[in-house]
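Hello,

Here is the structure I promised to pass on. Please have a look at it first, and then read my notes below.

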Amino acid sequence: MTRRHLTAIILSLAATLPTLTAAQEDYRFEAGGGIGMTGYLGDANTAAMWSMPGLDGELLFRYIASPRWAFKTNLYAGSLRGDSSKMENDFPDDADRRFSTTFYEIGETVELNFLDYGMGETYRRLKRFTPYIAAGLGATFWRVDGRSGAALTIPLGLGVKYKPSPRVNLGLEFLMKKTLTDRLDGDRLDDPLGIESAFMKNTDWYSTLTFTVSYEFSRRCATCNYKD
């Protein structure tokens, strides 16, 4: 191989290096939104969570810490409904109670991907699809029977993510959310059975099942070949 041939090969590799580097760049942040359905478990519905489903909408912002870890800030708005006449159990006074409300939730969740999630860096064996688990803390606000309420919320759940392209993400997430109150369904349903409050009793739960679309931005390193 002559010096001229060797020089031509080196120049060819140098010309392709920017393209390879760009394909391997990733991003710090992600923003998007989604729509889905809600379910309620409480004094007006003790078993069939999806018997009276509602709707929800979500705005989300993620910090992508690594291919395995992400931190999501979310804002939900949705509806919840319940009707005790659909239950098998009766209240002591044989009265039926029902409610409906619109809730607003702001929270932070930590997500652990089961697989290294991403595209482009083949040497790291990134995957375009991954399941994940999530947990966090939030605050929920609502209004029932003319009275407003607020409570801390503990979301726990799982989901899946898929990348149709390097910067676009599709997701489906199911979260069960324990509210630290028994008044999500109104004051009339605050301890109707006369059971003293405990962590697993006299507290209301709701769920969100949401399909999301999000877009990544802010390149992690625009002028170098390593992650900071």
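Strand β6 (residues 147–165) pairs with β7 in the antiparallel sense, over eleven bridges. Within that pairing, Val-160 stands opposite Leu-172 in β7. Strands here are DSSP runs of E with at least two residues, numbered from the N terminus, and two strands pair if DSSP finds at least two bridges between them.

A word on the source: this is a predicted model, in which local features need pLDDT of at least 70 and side-chain atom pairs count only at pLDDT 80 or more, while totals for chains, interfaces and linings use all residues. Residues are numbered from 1 along each chain as its sequence is written, and side-chain values use heavy atoms, with hydrogens and water left out.

The wider picture is a barrel: eight strands close in the order β1-β2-β3-β4-β5-β6-β7-β8, with antiparallel pairing. On average, neighbouring strands of this sheet are turned by 25° against each other, direction ignored (axes are lines fitted to C-alpha atoms).

There is one cavity of 30 Å³ or more (a set of points on a 1 Å grid over the protein atoms alone where a 1.4 Å probe fits but cannot get out; lining residues have an atom within 4 Å of a point). The largest cavity holds about 80 Å³ of space, the volume being that filled by probe spheres set on the points, which are joined across faces, edges and corners. Its lining has 14 residues, and Arg-62, Tyr-132, Lys-161, Gly-171 and Thr-212 are the closest to its centre. β7 gives the most to this lining, with four residues.

Best wishes

How values were computed. 1 Å grid on protein atoms, 1.4 Å probe; cavity = no way out; pocket = protein on both sides within 12 Å on 5 of 7 lines; lining within 4 Å. Axes fitted to C-alpha atoms, helices over the stretch in contact; angles between N-to-C directions.
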